[in-house]
Amino acid sequence: DRPWRGAKHARVTIAWYGGFSCYYTRRSRDRLERILKAYPNDVRVVWMDYPSKHHTQGMQAAVAAREVFKQKGNAGFWAFHKKLFNNPYRHTLANLLSWGAEVGADKALLRTVVVGRRHEAALKADREAARKISVVLSPTLYINGRKWFDPRTYDYLKGVVDQELAEANRVIGTGGVTAKSYYDHIQRSARAKKGSTGGYGSRWK
């Protein structure tokens with residue numbers, strides 16, 4: 001499972017590859033928040049960890065966030081996610097534990113996981129898997145299986161979403177494709193080339 005927000009059976013799914021210590025990922029958050037508000041019934045955003053090798057606190061924050069998600073699910077993860085991005089460059093162990101407790105995580109268990117770097121191997125494996133599908137910088141967005149590197153403006157991103165939504169509306173209702181099955185359909189189609197989704201789609205439908 002991956003942390004996600006928005007419509008459960010979305011017509012447009014945005015896989016957001018980013019890191020908690022990345023300025024550009026943090027900057028992209030505001031545009032994605034606006035997209036979610038503008039399309040509450042049509043868009044889903046899925047968080048995909050892509051922590052930088054060069055930011056020690058970034059990996060530590062990613063380990064903590066993954067544990068918060070494991071303990072508290074989507075609601076806890078996104079509350080923690082907000083705290084991380086609202087407090088850049090302050091991802092110390094003490095702060096991570098404090099913020100985790102504030103969103104309801106078990107503080108003692110969270111400490112054990114972060115100090116023991118328990119999720120780090122999985123995070124590194126995810127980072128390498130992302131690189132195999134040409135994710136080399138953060139943030140990178142896969143919008144219905146199509147790669148976009150950090151659309152710099154809201155209007156540009158909205159235009160991409162509108163294009164994907166128009167395509168979804170054209171296809172849904174034909175050939176047995178439903179809103180619920182649409183993402184599976186585009187994964188099978190020529191538009192989502194082999195490997196372009198990095199395997200994330202089947203895990204959080």
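**Close-up views of a predicted model**

**View 1. The hairpin of E4 and E5.** Start with threonine 140, whose bridge partner in E5 is phenylalanine 149. The model is predicted, so read each view with that in mind. Strand E4 covers residues 140-143, and four bridges hook it up to E5, with the two running antiparallel. One residue along from that starting point, leucine 141 sits opposite tryptophan 148 in E5. The hairpin has two residues between its strands, and asparagine 144 takes a positive phi near 50° there. Where do the side chains of E4 go? Thr140 and Tyr142 point one way, while Leu141 and Ile143 point the other way, and all of them are buried.

**View 2. The whole sheet, strand by strand.** Step back and you see an open sheet of five strands, ordered E1-E3-E2-E4-E5, with mixed pairing. Which strands sit at the edges? They are E1 (4-6) and E5 (146-149), each of which pairs on one side only. On average, neighbouring strands here are turned by 20° against each other, direction ignored. Helix H2, residues 56-86, packs on the sheet and touches E1, strand E2 (12-18) and strand E3 (43-49). The direction of H2 makes about 100° with that of E3. As a reminder, strands of a sheet pair through backbone hydrogen bonds, either parallel or antiparallel. E2 and E4 take the antiparallel option, with four bridges between them. In that pairing, tyrosine 17 stands opposite threonine 140 in E4. Threonine 140 also has phenylalanine 149 of E5 as a bridge partner.

**View 3. Strand E3, covered on both faces.** How many of the residues of E3 are buried? Seven of the seven are, so this strand is largely enclosed by the rest of the structure. One side carries Val43, Val45, Trp47 and Asp49, the other Arg44, Val46 and Met48. The pairing with E2 is parallel and runs over seven bridges, whereas E1 pairs with E3 in the antiparallel sense over three. Valine 46 is a handy residue to look for: tryptophan 4 stands opposite valine 46, and so does alanine 15.

**View 4. Arginine 2 and aspartate 126.** This view turns to charged side chains. Side chains of opposite charge can pair when their charged atoms come close. A search of the whole structure turns up 14 salt bridges. One pairs the side chains of arginine 2 and aspartate 126, at 3.0 Å from N to O. Where do the two partners lie? Arginine 2 is in the segment before E1 and aspartate 126 is in helix H5, 124 residues apart, so to speak linking distant parts of the chain. Buried or exposed? Arginine 2 is buried, and aspartate 126 is too.

**View 5. Arginine 5 and glutamate 33.** Here a salt bridge joins arginine 5 to glutamate 33, with the closest N and O atoms 2.8 Å apart. Arginine 5 belongs to strand E1 and glutamate 33 to helix H1, so the pair ties together parts that are 28 residues apart in sequence. Both ends get some cover: arginine 5 is partly exposed, with a relative accessible area of 27%, and glutamate 33 counts as partly exposed at 25%.

**View 6. Aspartate 150 and a charged network.** Aspartate 150 and arginine 152 meet through their side chains in a salt bridge of 3.0 Å, N to O. Aspartate 150 is buried, with a relative accessible area of 3%. Elsewhere, salt bridges that share partners join Arg2, Asp49, Arg66 and Asp126 into one network. Asp49 in this network is one of the buried residues of E3.

**View 7. Histidine 119 in its loop.** Histidine 119 sits in the loop between helix H4 (107-115) and helix H5 (120-132). Why does histidine 119 count as buried? Its relative accessible area is 12%, and the cut-off for buried is under 20%. Leaving aside residues up to four places away in sequence, histidine 119 touches Val63, Arg66, Glu67, Lys70 and Val113. Arg66 also takes part in the salt-bridge network.

**View 8. A tyrosine patch on the surface.** To finish, look at the outside, where Tyr23, Tyr24 and Tyr89 form a nonpolar patch with about 360 Å² of accessible area together. Tyrosine 24 lies in helix H1, residues 23-38. With a relative accessibility of 40%, tyrosine 24 counts as partly exposed.

Terms used
Residues are numbered from 1 along each chain as its sequence is written. This is a predicted model: local features need pLDDT of at least 70, side-chain atom pairs count only at pLDDT 80 or more; totals for chains, interfaces and linings use all residues. Side-chain values use heavy atoms; hydrogens and water are left out. Patches are made of residues with over 30% relative accessible area and no salt bridge: like charges are joined within 9 Å, nonpolar side chains (Val, Leu, Ile, Met, Phe, Trp, Tyr) within 5 Å. Accessible areas come from the Shrake-Rupley method with a 1.4 Å probe; for residues, only the protein chains shown count as cover. A salt bridge is a side-chain nitrogen of Lys or Arg within 4 Å of a carboxyl oxygen of Asp or Glu. Buried means under 20% relative accessible area, exposed over 50%, partly exposed in between (1.4 Å probe, protein chains only). Two strands pair if DSSP finds at least two bridges between them. Axes are lines fitted to C-alpha atoms, for helices over the stretch in contact, and angles run from 0 to 180 degrees between N-to-C directions. Contact means heavy atoms within 4.5 Å.
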